[in-house]
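Dear colleague,

I am passing on the structure below, together with some notes on what turned up when I went through it. Please read them with the coordinates open beside you.

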Amino acid sequence: MRVAFGIKKIRVLPNLGIAYLSYNLKKAGHEVKLFEIGKNFDRTIGKIRKFGPEVIAYSVYTGEERYYIDFNRQLRQIHNAISVFGGPHPTFIPEVIEESEYIDGICRGEGELAFVEFLDRLSQEGRIPADTGNFWIREGNRIFKNDITPLC
């Protein structure tokens, strides 16, 4: 599967969470690309659409959640993909999934194994696997709330 990671700004030090996730996803055979969103949402949306991801993922820190919710809403209105929020904010405030109908899932806790499982099952089953550990998944008006599983 193709996965686009959206990040507000690429900094001198890399986002280690996205780096670890990307490594594990690539190792599992998924195609991953990082996109800096910046201030020009339209330009970034064009680049992401050209890549054609099935899944769009964000690592969200508290205080930046509104930025990612707004960008994701605009992107999803013109590009049909599954969106997943992860990182510190969704881990500690998983109810962020209720703030936008365009958030399909959140990954709580460590995502290195859970996100690979989520994508593998998504590609095999052809539907969002609502019972994946570490994930809260939106399915219509219902939210499936799975427990955080051990990393090892």
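In this predicted model, A57 stands opposite V84 in strand β4, within a pairing in which β3 and β4 (residues 82-86) run in the parallel sense over five bridges. Between these two strands the chain passes through helix α3 (residues 65-78), and the resulting β-α-β crossover is right-handed.

Strand β3 also pairs in the parallel sense with strand β1 (residues 2-7), here over four bridges, and in that pairing V3 stands opposite V55.

As for the surroundings of β3 (residues 55-59), five of its five residues are buried, so the strand is largely enclosed by the rest of the structure. In a regular strand the side chains alternate between the two faces of the sheet. In β3 both faces are covered, since V55, A57 and S59 on one side are buried, as are I56 and Y58 on the other.

The helix of the crossover has a helical partner as well: α2 (residues 41-51) packs against α3 at an angle of about 55°, the two axes lying 10 Å apart. An angle of that value falls between the limits for roughly parallel (under 35 degrees) and roughly perpendicular (65 to 115), which means that α2 is oblique to α3. The crossing of these two helices is right-handed. On the α2 side the contact involves F41, T44, I45, I48 and R49, which meet Y67, D70, F71, Q74, L75 and I78 in α3.

With best wishes

Notes. Residues numbered from 1 in each chain as written. Predicted model: local features only at pLDDT ≥ 70, side-chain atom pairs only at ≥ 80, totals over all residues. Heavy atoms only, no water. Buried < 20%, exposed > 50% of the residue type's maximum accessible area, 1.4 Å probe, protein only. Pairing = 2+ DSSP bridges. Right-handed = clockwise from strand over helix to strand, strands pointing away. Axes fitted to C-alpha atoms, helices over the stretch in contact; angles between N-to-C directions. Parallel < 35°, antiparallel > 145°, perpendicular 65-115°, else oblique. Left-handed = near helix turned anticlockwise from the far one by under 90°. Contact = heavy atoms within 4.5 Å.
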